[in-house]
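Please look through the sequence and the model shown below, and then read the report that follows with both of them in view.

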Amino acid sequence: METIYAVINGDDTDGEKIRQAGEILKAGGLVAFPTETVYGLGGDALNPDSSRKIYAAKGRPSDNPLIVHICRWEDIYRIADPVPEAAQRLCEAFWPGPLTMILPKKDTVPDETTGGLDTVAVRFPSHPVAQRLIDAAGGFVAAPSANASGKPSPTMAEYVAEDMNGRIEMILDGGAVGIGLESTIVDLTGGEPTVLRPGYVTQEMLEKVLGDVVVDRTILDGTTAERPKAPGMKYRHYAPKGDLAIVEGEPEAVTEYINRLCAEAAAAGKKTGVIGTDETFSSYAADSVKTVGSRGDEEAIARSLYRILREFDDEEVEVMYSESFSTYGMGQAIMNRLLKAAGHRVITV
């Protein structure tokens, strides 16, 4: 298969490119496209064959549910029933935006899209290209992140092409994304709202709208053998090719320990990498030292994380170490992704 690569320039040619992409989706094909979080790999959410193609293109386990993207908030009633009052309040507060809600599904949504579950994950993205594509495709686009399963999610189209060229019909290049981490997922089907995946919309932000909101215990410890109810809950995700570990402790001790580990790895002939911050960047000695930004700017850290993991892959780094981060607010989402990428390998010094 030859993948069509179309750059969105913000000019008169964009409409034809998006129309073509919409026709591909309607015909059962796959199109990668930008959202405000990461690039998505889109298929017709109401076509079971399209969902099967998504799983095949990604090499993704078929029990890992897909998120249905819509472009009009009222379309939620066409795929979910009932839609509780809590969901309506979250729509008003955070849609369009980086929030996914899990609700009981209607029969219009095939089991292939929901991983065999009787619930559906739904979100209304704010990215204008995503909205126009969803509309052109008929209003319901299933889209996980547009990467090979397990690898870091793509924040730029060049990384989509690296994983998906020849596997899908089209890639829409809308430039770098704004947030850099996948959407927050909140489950509204139980007794109390539960965060299943942290993201830009934090627990604290949700609680201002809903009152008490709990966080699934596996978000930071990763111990579950249950069938995943949301993307990213069960399997190793966001991982670079090399070995990654997180080192936590007092800053000076962390820096000293990471430098010692890098020296040992280098002596063994391994290429080393370090994820640090603006505050610590100059203190590290490794083959590749990268900063995610200042510790005081969690949004910058979120935007940088996946790009850095991809860059380590490009540089063929074999052994990587990262500082740990706060688990409050958006830091919870950053640590969730780092822990998944490291296979929950944490060293305390």
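In this predicted model, residue L220 is part of helix 9, which covers residues 218-221. Its relative accessible area is 31%, and because values between 20% and 50% fall between buried and exposed, L220 counts as partly exposed. Leaving aside residues up to four places away in sequence, L220 touches T327, Q332, M335, N336, L339 and H344. H127, by contrast, is 93 residues from L220 along the chain, and the C-alpha atoms of these two residues are separated by 29 Å.

One of the residues that L220 touches, H344, lies in the loop between helix 12 (331-341) and strand 16 (346-348). H344 has a positive phi although it is not a glycine, and E316 likewise has a positive phi in a residue other than glycine. The table sets these two residues side by side.

| Residue | Phi | Loop | Relative accessible area |
|---|---|---|---|
| E316 | near 60° | between helix 11 and strand 15 (319-323) | 62%, exposed |
| H344 | about 60° | between helix 12 (331-341) and strand 16 (346-348) | 27%, partly exposed |

The loop that holds E316 follows helix 11, and helix 11, residues 298-314, packs with helix 7 at an angle of about 50°, their axes being 12 Å apart. Helix 7 is therefore oblique to helix 11, and the crossing of the two helices is left-handed. On the side of helix 7 the contact is made by Y159, E162 and D163, and on the side of helix 11 by R307, R310, E311 and D314. Of the residues in this contact, 1 is nonpolar, none is polar and 6 are charged.

Helix 7 (157-164) is also among the elements that each supply at least two residues to the largest nonpolar core, and others among them are strand 3 (39-44), helix 2 (48-58) and helix 4 (85-94). This core has 46 residues, of which L90 and M101 touch the most other members. Helix 4 gives the largest share, 5 residues. Not counting residues up to four places away in sequence, L90 touches W95, L99, M101, V186, L188, L206, V209 and L210. Apart from this core lies another one of 26 residues, including L181, L244, I275 and A333.

Which peptide bond involving W95 is cis? The bond from W95 to P96 is cis, with omega near -10°, and P96 lies in the loop between helix 4 and strand 5. The peptide bond from D81 to P82 is also cis, with omega near 0°, and P82 is found in the loop between helix 3 and helix 4.

Notes
Residues numbered from 1 in each chain as written. Predicted model: local features only at pLDDT ≥ 70, side-chain atom pairs only at ≥ 80, totals over all residues. Heavy atoms only, no water. Core = buried A, V, L, I, M, F, W, Y, C linked by side-chain atoms within 4.5 Å. Buried < 20%, exposed > 50% of the residue type's maximum accessible area, 1.4 Å probe, protein only. Helix = DSSP H or I, 4+ residues; strand = E, 2+ residues; numbered from the N terminus. Contact = heavy atoms within 4.5 Å. Axes fitted to C-alpha atoms, helices over the stretch in contact; angles between N-to-C directions. Parallel < 35°, antiparallel > 145°, perpendicular 65-115°, else oblique. Left-handed = near helix turned anticlockwise from the far one by under 90°. Nonpolar A, V, L, I, M, F, W, Y, C, P; charged D, E, K, R; others polar.
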